[in-house]
Structures are given as structure tokens and as C-alpha cells.
Amino acid sequence: MARGVKIPSCKKDTLNEKIVSYSKPKKIYIPLICQNDTNITVLVKNGDYVHKGDVIARRKGALKIPIHASVSGTVKAIEEKPYLNGQNVKCVVIENDFKEKRANVVKVKRHINNYSKEEFINKIRDAGIVGLGGAGFPTFAKYDTDAKINTLIVNAVECEPYLTADYKLIQEKCEEILEAIDAVLEINGIHEAIIAINRNDTKTKEIINTFIGTYLKIKMVEVPEVYPMGWERTLIKQIKGVTYKKLPSEKGIIVNNVSTIYAIYEALKYDKPLIERVITFTGEKLNKPQNVLVKIGTPIKEVINSLGGYKEGEDICLVAGGPMMGCAVESDELVASPTLNGVLVLEKNENEKATECLRCSKCVEVCPVKLAPVLIKDSLKDPDNLKYLKPERCIECGLCSYICPAKIKLRDYVIIAKRKV
Ligand code: SF4
Ligand code: SF4
């Protein structure tokens, strides 16, 4: 049995609401960052006209991928805006002309299985597709491997509480997602695909069962509703019973989450780069919780206003991402980015003050990568000991903070340690 903790899902507010779209931002702020790497070459300057989908920047290094304009309009500035990690990052500001102009006429591909492997890899690299489950790893790099891949696992587990973007996407775009999975299998010579869904997600199960009939290489597997079941290592252990050292490809496995597969579909079918994504907007202090299709670079404040704004009353706490792995952000100047899967508007809890450690060791027991968060916290000023405790292995799942009866924000301490090491 894989490690995991049962935690409240808190998903009900958005589960029965259809995805809506917010497409009217006057200005777009495209973050110049990829996997926390800000080593990006900007390819536009103030006054340039850009089409929707034009490449405006490119990440440097071995995993270089492009960053695209999500609207057509005029480049106005490079400006800093809050990013999902709580820090400010430089963004290309584009004034939207609302014409949605593309540089070339879009040719819709009738059969998306008709790509060679090389064309497929180039296509998803040029579309700037990264893992949309949160990691942001360039997707083309997973497929550009000499390892023999036998299994594609499509992660529809979305184990973070509150978040339902992937649930809703696979429910509303099931046929497209199955078509994309089938194409990925055929193009890459992969034998099987396994869609992993949460055991209690009966609606998704029913919808997949309705459409899966003719796809003989695709099957669905139910996994327990525990956290962090959606983490790649936990999921692979649960489904295949294997572990790996560095990459799942060592065991012939690739994992993509549902949003990433849908982005692949749009790239193969419509030659569409990664310029928008579905984000869950929810929380008890938001007037109308909903999943929203948002252009990359859209100011979050505008989307929140379009959902009726905040509820009156006490102070709010804004979280970029889910409650376990997300980051509290100071202001709603935050902008949408490829790995922003949720925005939570919660009530500020002033009473949650940390107390003395009780030495209960619960944080050690739950850590999925077998770290000792309490010892890491205590060793922040002792570099030698810190190295020995290997905080760099932390996956930032937040379980240690969640479980701690003394309310110590252990994850924050481990992240500080991780940066130090
Ligand atoms: S130390 Fe990191 S990996 Fe371990 S429980 Fe805490 S956040 Fe998760
Ligand atoms: S869970 Fe909290 S109280 Fe228990 S040992 Fe860890 S830090 Fe201390």
C-alpha cells in the first residue's frame, strides 16, 4: 500500500459548475519564468505588435522552450508582477486589441495520429507545453528519450483539496482527451495508457466509461483518495508497484496530467500553443466559485471580479495553488501562469499560531520522501547537519505542516533549507 493521508477534499463548491471562460483582459502580463528559472531571452520590445500565439520569449539552456503571447496587441512594457511562488517576476505587458489575430491561418488537423515521433516532439516543444499539474517540466523532454516506453499514465487524480480543474476538464472534454491519448500512444509506439482516477470520483468514471469503448489500449484504474496520490512516484507505485531512481522512463513509464494531455490535443489538432489553461477559483470568501478558462498573463483580480468578487466581512487569505502545495500571496495582483492550477480565497485564520514542538514525530511519519521536517527546521543554522538531512528531496507536499499538532509551518522551513542546500 502506498503512503498517503486521508484529508478532506473540499471540492464540492466547483464540482457541479461548468467551466466558464474569461477572455477580456485589457492587459496581459506574461511571466518570464519557467520551472522557477528566470533565465529567459525576451524577443520583443516596447511598441512591437504581436499576434496571438507569437513567440515573445524563450527559455535558455538544454530545456529551452518558447513563451507565447496569449492575445494580439501591442507590447507596452516589461513590468514586475507577483508570481505563484509569492515572489515578483518580470512580465511582458501586452495591451489587448481584442482582435485575436493569429500570424497564420490555423489548419485544423483531421487525424492527429498522423505525426511522426519527431514531428510530435517538435510540435509540443514549439507549443511551449509544460506539465500543468504544478511541476512545469517541459513535456517534450519526457518523450524525447531513448528509453522504451510501455505505459502512459494519465493522472486525473487531482489530490489537492479544493482543486477540480482536471476533474472538470476530463468530464467536459473526455472525447478530445481520449483522442489525444490514442494519438500519443500510436505516435510514440506505447502499448497502453492508464487513466488514473480517484476511487470516489463516480461522475468522471461514468463519463470515461461512456466514451472509452473503442479505445482498446486505454484503460481506467481507480486509486485510493489519499494525499499525495497524485504525486508521480506515489501513483506509479500504486498502479505499477515499481519505484525508480530519477525518472519514470527508467521503468518504461511516462506520466502526464489531464490538463497537459488536453494541451497536447490542442497543439496537435489546432497548432495552438500553451496560451491558456483552466484554473479553479474557489474558497469560502469567494462569491461564485468556478473553474475558469483563463489566458496566460491575465490578472487574477479581474477574474475574481468577474465571479462576483470577494464576500464582505473579515480579512481574506489568498492562496496561489491548492492549500497543501500552494503559496499564500500578499495581493491579488497575481497573474495567471501555466502552472497556476488554483486560486483560493479563504478566511484569514488569526488563531492559528504555532506553539512549541511536542516531539510527537508525526511530521516524520507522514513525509512521503522520508525526511525529518522537525530536524530540518531545528538545523537551519547548521549547514553540515542540514546537508545530511537532505531537504532538497522535499516535494513541497505540505503534509508535515498539515499534520503538525503544534501548527508549525514545517513546509516553509524545509523550503528555506532546500534553497540553502
Ligand atoms: S518535508 Fe516536504 S515532502 Fe516531506 S511532508 Fe514536508 S513538504 Fe512534504
Ligand atoms: S509534527 Fe509538529 S509537534 Fe510533532 S514532532 Fe513534528 S514539528 Fe514537532
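User: What makes β7 and β8 count as paired strands?
Analyst: Nine bridges join β7 to strand β8 (residues 88-96). Two strands pair if DSSP finds at least two bridges between them, so β7 and β8 qualify, and they run antiparallel. One of the matches is Pro82, whose bridge partner in β8 is Asn88. Strands here are DSSP runs of E with at least two residues, helices are runs of H or I with at least four, and both are numbered from the N terminus.

User: What kind of model is this, and how are its residues and chains labelled?
Analyst: This is a predicted model in which local features need pLDDT of at least 70 and side-chain atom pairs count only at pLDDT 80 or more, while totals for chains, interfaces and linings use all residues. Residues are numbered from 1 along each chain as its sequence is written, chains are lettered from A and ligands numbered from 1 in the order in which they are written, and side-chain values use heavy atoms, with hydrogens and water left out.

User: How many residues lie between β7 and β8, and which turn residue has a positive phi?
Analyst: The two strands form a hairpin with five residues between them. In that turn, Gly86 has a positive phi of about 90 degrees.

User: Why are β2 and β4 called edge strands?
Analyst: The open sheet has four strands in the order β2-β8-β7-β4, with antiparallel pairing. β2 (27-31) and β4 each have a single partner strand, so one side of each is left without a neighbour in the sheet. For β2 the partner is β8, joined by five bridges, and Pro31 stands opposite Cys91 there. For β4 (residues 49-50) the partner is β7 (residues 73-82), paired over two bridges, and Val50 stands opposite Gly73.

User: How do you know that β15 pairs with β16 and β17, and in which sense?
Analyst: Strand β15 (residues 316-320) has five bridges to β17 (residues 342-347), in the antiparallel sense. Three bridges join β15 to β16 (residues 327-329), also antiparallel. Among the opposed residues are Cys317 and Leu346 of β17, and Val319 and Ala328 of β16. The hairpin of β15 and β16 has six residues between the strands, and Gly321 takes a positive phi near 105 degrees.

User: Is Asn36 buried or exposed, and what is its phi?
Analyst: Asn36 has 55% relative accessibility and therefore counts as exposed (buried is under 20% relative accessible area, exposed over 50%, partly exposed in between, with a 1.4 Å probe and protein chains only). Asn36 lies in the loop between β2 and β3 (40-42). Its phi is near 65 degrees, a positive value in a residue other than glycine.

User: Why is Glu396 called partly exposed?
Analyst: The relative accessible area of Glu396 is 25%, so Glu396 falls between the buried and exposed cut-offs. Glu396 also has a positive phi, near 60 degrees, without being glycine. It sits in the loop between α12 and α13.

User: How exposed is Lys390, and where is it found?
Analyst: Lys390 is partly exposed, at 38% relative accessible area. The residue is found in the loop between α12 (383-389) and α13 (399-403).

User: What makes the bond from Tyr227 to Pro228 cis, and where does Pro228 lie?
Analyst: Omega of this peptide bond is near 0 degrees. Pro228 is in the loop between β11 (218-223) and α7 (232-240).
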